[in-house]
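Take a look at the model below. The walk that follows moves from the packed interior to the backbone.

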Amino acid sequence: MLVDWRSAIQAASRNGDYGRVVELCRQERRLTQRQLGDAIGLSQSAISRLEKRGAGGAYDMALLGRAAAHLNIPAGLVGLAGAPAGSAVERREFLGGVAAAAAAPVLAALPAQPETGQPAALRLGTAAYRRLDGSTPSRDLADAVRSHIQLIQRLSVGGDRARLAAVGSEAASFAGWLAWDMGDHGSARSWYGQAINSARTAKNSLLAAYQIGSLAQFEAHAGNAAQALNLVGKARTVQAEEAPAIADAWLTSVESLAHAAGGDRERADQALDRSRKLALRLDRAHTPPWPWVFTFDESKVAAVRVTCGARLGLSDWVLSADTQALATGHTKQRALLMLDIAAGHLAAGRIDGAFAIADRALDIGLTYRSGRIVERARALRRTLTTTTPPRVVRDFDDRLHDVYL
């Protein structure tokens with residue numbers, strides 16, 4: 001008998017039976033109660049109690065949010081969209097559990113100084129493509145972004161070369177991000193290099209520092225620790241003397257990734273601690289200064305800590321920051337974090353939980369045709385070397401073997 005999952009889920013939500021919503025979404029994704037519990041740090045019996053709470057039951061907001069986040073349930077379906085915030089701890093738990101399903105990154109489309117004419121219109125175009133990145137496969141965006149860059153280059157001839165070079169730098173950096181998502185590292189490096197050169201043409205030292213730092217971030221994720229650390233040093237050297245506080249906080253987080261790529265736990269931990277302290281001092285009431293187009297806060301540092309922990313094989317780093325980390329980024333970025341969280345579970349010996357999470361991340365990677373997500377999934381699988389893998393791993397292998405992007 002076929003189940004109309006959507007109607008059943010909506011009916012349960014309307015009745016206030018949020019446990020049933022969780023149960024139906026879990027079953028739709030073919031997860032057992034134990035697999036879901038392992039994925040979010042609960043026992044099988046705790047998941048059973050949550051699902052049987054019934055309509056009008058007293059739900060634990062944080063636990064319900066964590067289950068919703070892992071199952072990608074919109075906050076409104078489990079009664080959390082308009083929930084009041086209580087204590088600071090409750091607010092953090094709510095964000096960690098719910099924002100992963102509902103939040104979108106904050107974009108600053110324009111720099112603090114108002115632009116006019118062609119540069120303003122072109123920069124808005126880049127911002128629009130960035131917004132689409134959260135819901136559109138990179139392969140579908142890449143050609144349009146390349147055409148956008150070509151238009152910027154044509155307009156630069158005889159135009160305001162410095163201002164248009166700055167706009168072109170931002171667009172080239174985004175093209176590098178798309179190439180990275182598609183798994184094309186050679187093109188990614190080329191685009192990031194073009195972004196750096198354009199920033200220098202614009203004579204904008206802060207923009208140049210940002211683009212060099214972006215390349216450093218890419219190299220750290222690629223495992224090139226020495227190169228990443230060298231680039232972080234260059235970024236700090238070229239940035240303006242009066243650089244905004246976000247520049248130091250972000251670059252320090254990139255430095256922690258570079259140390260983790262090199263296997264240096266102590267220095268990675270020190271850099272993470274500095275980045276967190278710097279992030280706490282940032283003024284959240286103001287839009288981030290261009291060229292930073294996303295906010296940077298403690299949840300971003302938590303996400304970096306999860307990634308560092310995954311690279312270093314430190315399950316305690318991953319599992320202590322996973323809930324807060326999932327409140328960052330869009331769907332594709334969260335899929336990468338989910339694979340890092342899966343690595344933490346695997347390091348802790350929780351094989352079933354690890355591959356339940358990895359399977360959900362792979363779903364996202366296939367939906368968005370993301371080579372980066374699929375390759376990260378393959379890298380996770382290579383870390384498990386047992387000759388007799390359990391069923392959940394064999395099923396994961398079958399899915400990976402059929403992937404052609």
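What follows covers nonpolar cores, a cavity and some backbone details of this predicted model.

Start with the packing. The largest nonpolar core has 57 residues. Within this core, Val-22, Ile-73 and Phe-355 have the most contacts. Helix 17 gives the most to this core, with nine residues. Another core lies apart from it and has 53 residues. Val-232, Val-254, Ala-268 and Val-301 are among the members of that other core.

Now turn to the voids. How many cavities of 30 Å³ or more does a search of the whole structure find? There are two. Consider the second largest cavity, with a volume of about 40 Å³. Its lining consists of Asp-133, Trp-177, Asp-181, His-330, Lys-332, Gln-333, Leu-336 and Arg-372. Sorted by class, that lining has four charged residues, two polar ones and two nonpolar ones.

Which helices each supply at least two residues of this lining? They are helix 9, spanning 161–181, and helix 17, spanning 331–347. The largest share, three residues, comes from helix 17. Helix 17 thus appears in two places: it gives nine residues to the largest nonpolar core, and it gives three residues to the lining of the second largest cavity.

Next, the backbone. Which residues does a cis peptide bond join? They are Trp-290 and Pro-291, and omega is about 15 degrees. Pro-291 sits in the loop between helix 14 (265–280) and helix 15 (298–312).

Two residues deserve a check of their phi angles. Lys-203 is not a glycine, yet its phi is positive, at about 55 degrees. Its place is the loop between helix 10 (185–201) and helix 11 (205–221). Is Lys-203 buried or exposed? Lys-203 has a relative accessible area of 75%, so it counts as exposed, the cut-off being over 50%.

Arg-369 also has a positive phi, of about 50 degrees, and is not a glycine. This residue lies in the loop between helix 18 (351–367) and helix 19 (371–382). Its relative accessible area is 31%. Arg-369 is therefore partly exposed, because that class runs between the buried limit of under 20% and the exposed limit of over 50%.

Note on methods
Residues numbered from 1 in each chain as written. Predicted model: local features only at pLDDT ≥ 70, side-chain atom pairs only at ≥ 80, totals over all residues. Heavy atoms only, no water. 1 Å grid on protein atoms, 1.4 Å probe; cavity = no way out; pocket = protein on both sides within 12 Å on 5 of 7 lines; lining within 4 Å. Points joined across faces, edges and corners; volume = space filled by probe spheres on them. Helix = DSSP H or I, 4+ residues; strand = E, 2+ residues; numbered from the N terminus. Nonpolar A, V, L, I, M, F, W, Y, C, P; charged D, E, K, R; others polar. Core = buried A, V, L, I, M, F, W, Y, C linked by side-chain atoms within 4.5 Å. Buried < 20%, exposed > 50% of the residue type's maximum accessible area, 1.4 Å probe, protein only.
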